[in-house]
Amino acid sequence: MIIVLKPNATKKQIAHLVEKIKALGLKPMVSTGVERTIVGVIGSEDALRVQPLEVFPGVEKVMPVLKPYKLVSREFKPEASVVAVGGVKIGGKHVVVMAGPCSVENRQMLMSTARAVRQAGAQMLRGGAFKPRTSPYSFQGLGEEGLKYLREAADATGLKVVTELMDVRDVELVEKYADMIQLGARNMQNFELLKEAGQSHKPVLLKRGLSATVTEFLLAAEYLLSQGNFNVVLCERGIRSFEDQTRFTLDLSAVPVIKALSHLPVVVDPSHATGHWEYVEPMAKAAVAAGADGLMIEVHPNPETAFSDGPESLLPGKFAALMKEVKKVAKTVGRTL
Ligand code: PEP
Ligand code: MN
């Protein structure tokens, strides 16, 4: 249920309505837009039969949200959200690029990669300190040591850090070093992790599950918003299909589809989607043409020796060339990069 307030509704009227909703045992979520305020009501709507909210001063209309997800929907918030990660704004005119290695391997490689991606125009540094690996024998990440290197490299270069959180027990640790928490594809439906990240004060980058439909993806995001964290960015990173020439199949139609259904910003990860460095640039260009608000790209100083995802990682020089090409596409669709 969403309550659309009149454009001239006063703060006092909004506060009164919020109190009433709470008294009914429901949870109000207030979204203050440019033109008007909307209040989402979470909980069993039976209570509203007894106490219709239309009658309250300042209320224009009360509407049921028919979609299974509520707070992430365009009905709840018609205008696009802009998520701020420090001073970096995702969802505005500027296309935000997050780049860096798959895994943080050591201090030196991270520093050199951070400098290179910053020089080429990236605004955020990516890199995993906790790695979700298919095999238990593969490199699992440096843990807190990796987080420290990320913070140091980002601070030295003026980048913001996005890094994966895999375990509810590590929330505080990751929050301490990261500017944005990444929830990986394999954890998109780890509901306890979603609830914890939903209570974090840090913005969240939620990656689409390997086999998740858009509806499931949006419902996973709903977990975060329903816990109070509205600073959520969605990431399309390829889904499983019968095609085996690429690692996954990049579902670029998810970009306009999600934007039609939700107000949340959408970024695209062409590295994990294709699994091959040669295909990263064409799909990065296509993503920006399709309306992506950002890109996540893997860059490694020596992909041949990478501990993880070497085949899809770009050399710094190739990444700089990609940035130049993507910039041209951004310009033609009225964006900057
Ligand atoms: C990553 O970005 O480091 C990663 C593991 O990606 P995904 O969760 O999309 O597989
Ligand atoms: Mn990777």
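This note goes through a predicted model point by point, from confidence to the two ligands and then to selected residues.

1. **Confidence.** The model is predicted. The mean pLDDT of the chain is 96. Of its residues, 100% reach 70 or more. Confidence is lowest in helix α2 (residues 47-50), with a mean of 76. It is highest in strand β12 (residues 232-236), at 99.

2. **Manganese site.** Which atoms coordinate the manganese ion (ligand 2)? They are Cys102 (SG), His272 (NE2), Glu298 (OE) and Asp309 (OD). The distances run from 1.9 to 2.3 Å. In sequence, the spacing of these donor residues is C-x169-H-x25-E-x10-D. Cysteine 102 and histidine 272 link distant parts of the chain, 170 residues apart. Cysteine 102 sits in the loop between β7 (96-100) and α3 (107-120). Histidine 272 belongs to helix α9 (residues 270-274).

3. **Burial of the donors.** Cysteine 102 has a relative accessible area of 3%, so it counts as buried. Histidine 272 is buried as well, at 9%. Aspartate 309 has a value of 17%, and it is buried because the cut-off is under 20%.

4. **Backbone at aspartate 309.** This donor is found in the loop between β14 and α11. Is its phi positive or negative? The phi of aspartate 309 is positive, near 55°, and the residue is not a glycine. Most residues other than glycine have a negative phi. For anyone checking the metal site, this backbone angle is a point to note alongside the Asp309 (OD) donor.

5. **Ligand 1 surroundings.** The residues around ligand 1 are Arg126, Lys131, Pro132, Glu164, Gln182, Gly184, Ala185, Arg186, Lys207, Arg237 and His272. His272 also appears among the donors of the manganese ion (ligand 2).

6. **Polar pairs at ligand 1.** Oxygen atoms of ligand 1 have several polar partners. Glutamine 182 places a polar side-chain atom 2.9 Å from an oxygen atom of the ligand. For alanine 185, a backbone N or O atom lies 2.8 Å from an oxygen atom of ligand 1. Lysine 207 has a polar side-chain atom 2.8 Å from an oxygen atom of ligand 1. Taken alone, ligand 1 exposes 290 Å². The protein buries 96% of that area.

7. **Helix α10.** Which residues of helix α10 (residues 277-289) are buried? They are Val280, Ala284, Ala287 and Val288. In an α-helix there are 3.6 residues a turn, so residues three or four places apart point the same way. The buried residues of α10 pack against β13 (266-268), α9, β14 (294-298) and α11 (316-332). Two of these elements tie back to the metal: α9 holds histidine 272, and Asp309 lies in the loop between β14 and α11. Glycine 291 follows α10, with a positive phi near 110°.

8. **Alanine 122.** This residue lies in the loop between α3 and β8 (124-126). It is buried, with a relative accessible area of 1%. Alanine 122 touches Val97, Ala99, Val117, Leu159, Phe319 and Met323, leaving aside residues up to four places away in sequence. Alanine 122 and histidine 94 are 28 residues apart in sequence. Their C-alpha atoms are 11 Å apart.

9. **Serine 81.** Serine 81 is in the loop between β4 (59-63) and β5 (83-85). Is it buried or exposed? Serine 81 is buried, at 8% relative accessible area. Its side chain makes a polar contact of 2.8 Å with the side chain of lysine 77. Another polar contact, of 2.7 Å, joins the side chains of serine 81 and histidine 263. Beyond four places in sequence, serine 81 touches Ile90, Gly91, His263 and Pro265.

10. **Proline 28.** Strand β2 (residues 27-32) contains proline 28. It is buried, with a relative accessible area of 15%. Beyond four places in sequence, proline 28 touches Val18, Ile21, Lys22, Val39 and Gly40. Proline 28 and serine 226 are 198 residues apart in sequence, yet 9.9 Å apart in space, C-alpha to C-alpha.

11. **Glutamate 243.** This residue lies in the loop between β12 and α8 (254-261). Glutamate 243 is partly exposed, at 35% relative accessible area. A polar atom of its side chain lies 2.9 Å from the backbone nitrogen of glutamine 245.

How values were computed. Residues numbered from 1 in each chain as written. Chains lettered and ligands numbered in written order. Predicted model: local features only at pLDDT ≥ 70, side-chain atom pairs only at ≥ 80, totals over all residues. Heavy atoms only, no water. Donors = N, O, S within 2.8 Å, 3.2 Å for Na, K, Ca; no water. Helix = DSSP H or I, 4+ residues; strand = E, 2+ residues; numbered from the N terminus. Buried < 20%, exposed > 50% of the residue type's maximum accessible area, 1.4 Å probe, protein only. pLDDT = per-residue confidence, 0-100. Contact = heavy atoms within 4.5 Å. Near = heavy atom within 4 Å. Polar contact = N/O pair within 3.5 Å; in protein donor to acceptor, adjacent residues only side chain to side chain. Areas by Shrake-Rupley, 256 points an atom, 1.4 Å probe, with all protein chains shown as cover.
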